[in-house]
Amino acid sequence: MNSIIGRKEATAILNAFVNSKSPEFLALYGRRRIGKTFLIKHFFKAKKLVFFNITGEKDAPMKKQIKHFTKQMSYIFYNGARLVSGKNWDESFEMLTEAFKSVGKKEKIVLFFDEFPWMATQNSRLLQGLDYYWNQHWSNDDRIKLIICGSAASWIIDNIVNNKGGLHNRITRQINLEPLNLPETKQFLKEKSIVLSNKQIVDLYMSMGGVPYYLNQVEKGKSSTQVIESLAFKRNGFLLTEFNNLFASLFKNSGIYEEIIKTIASCRYGIGKRELLEKISKSLVGKGGLEKLKALKDTGFILDFKPHLHKEKGVYYKLIDNYSLFYLYWIFPVHNSLLVRGLAKGYWNKMKKSSSWYSWSGLAFEAICYEHLPQISKALDLSPTAIPTTWRYIPRKDSKENGAQIDLLFDRDDDAITICEIKY
């Protein structure tokens, strides 16, 4: 891929960021494989400036992280001259600050700290060092444009954006990079000379969403059914092993987050907060559980909503991550067989004719609609103030009444409600 697809809002923010005549501090976050690194490197590739890029290494000790940092500093500022690594981050940031003297006074310096949460190893005092050098030195230098980036969105939000210490209110801009929407997905595939009908693109989206790295696995000349069969139901298929890798890269103790996702996924119309916390491990009840739910929301896996006319305590959670829905419904039940030998050719084509597929496709299409609420609202010519929500009625246990559900409604400010039925 040679060009940035979509990302108009993010590109506009980056343009303002780099053209500013003041020091800038940008926080960039979004799930793994979403294209954060590609966006930054591609955007700055042709810019006439100094671009210092360092990437954290998962589970690597501080000494190794600093070694990488020093080697990159040598390459960017000193033409590869050998440098002795600092003993800690304080010394490393001091060396970086000194390196700025080798750059012209009118030349901009972009510092891109990628996968920053991985750099912040236990007892490393990386955040404290960043706090000091930003406030004491870098924020006084109009050339400096700092980007802190990470896949662990909740970590970036809690420790950088909402920092309670010296970095409080120091962020000048932020970008939450989300999956490509349907039109952007179509454009992405077209850029790869892959031309599919809108329906086939929706079918692909229901299985992998608008995650650029996943879409990059789509082969030219194959239908959506053939692509899904190849990626999900063959031995060593990409979508077969991605689920565990995805959560392990985002969260410590990732098994707990997987348990939460599986519990929410088992409830088609969403699950109430109280019921969810009762179902999952006792270790999550209370603050710990709520923090993990917030992390899953920040990373774009789940949606929290309050059904129309429900009280404040009636918060529900719904899984909206397309790939997770697909994996848990279709791949997880046959995971072991897939790892050993894969499944018979034509498996997915056969499954698409089953009643299970019709049930799942409705659920998956709902998730797509929830991801495209602004587009739906605009297509219905509704005011931007119209609030999208759902409605449900659950009768008491001893009642003979049936429950009821409205998939989507927009509570409008003209004393009216637009009711939508979602059907694939």
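**Close-up views of a predicted model**

**View 1. Five strands form an open sheet with parallel pairing.** In this predicted model, the strands of the sheet are arranged in the order 2-3-4-1-5. Strand 2 (50–55) and strand 5 (173–176) are the edge strands, and each of them pairs on one side only. On average, neighbouring strands of this sheet are turned by 15 degrees against each other, direction ignored.

**View 2. Strand 3 and strand 4 run parallel.** Strand 3 comprises residues 109–114 and strand 4 comprises residues 144–150; 5 bridges join the two. One residue pair may be located by name: L111 has L146, in strand 4, as its bridge partner.

**View 3. Helix 9 is mostly covered.** This helix spans residues 198–208, and 8 of its 11 residues are buried. The buried residues are I201, V202, D203, L204, Y205, M206, S207 and M208. What covers them includes helix 8 (182–191), helix 10 (212–215), helix 11 (224–232), helix 12 (238–250), helix 16 (322–331) and helix 19 (355–371). After helix 9 comes G209, whose phi is positive, near 70 degrees.

**View 4. Three strands form an open sheet with antiparallel pairing.** The order of the strands is 9-10-11. Strand 9 (387–393) and strand 11 (417–420) are the edge strands, each pairing on one side only. From one strand to the next, the twist averages 35 degrees.

**View 5. Strand 9 pairs with strand 10 in the antiparallel sense.** The pairing of strand 9 with strand 10 (residues 404–411) extends over 6 bridges. Within strand 10, F410 is the bridge partner of P388.

Notes. Residues are numbered from 1 along each chain as its sequence is written. This is a predicted model: local features need pLDDT of at least 70, side-chain atom pairs count only at pLDDT 80 or more; totals for chains, interfaces and linings use all residues. Side-chain values use heavy atoms; hydrogens and water are left out. Two strands pair if DSSP finds at least two bridges between them. Helices (H or I, at least four residues) and strands (E, at least two) are DSSP runs, numbered from the N terminus. Axes are lines fitted to C-alpha atoms, for helices over the stretch in contact, and angles run from 0 to 180 degrees between N-to-C directions. Buried means under 20% relative accessible area, exposed over 50%, partly exposed in between (1.4 Å probe, protein chains only). Contact means heavy atoms within 4.5 Å.
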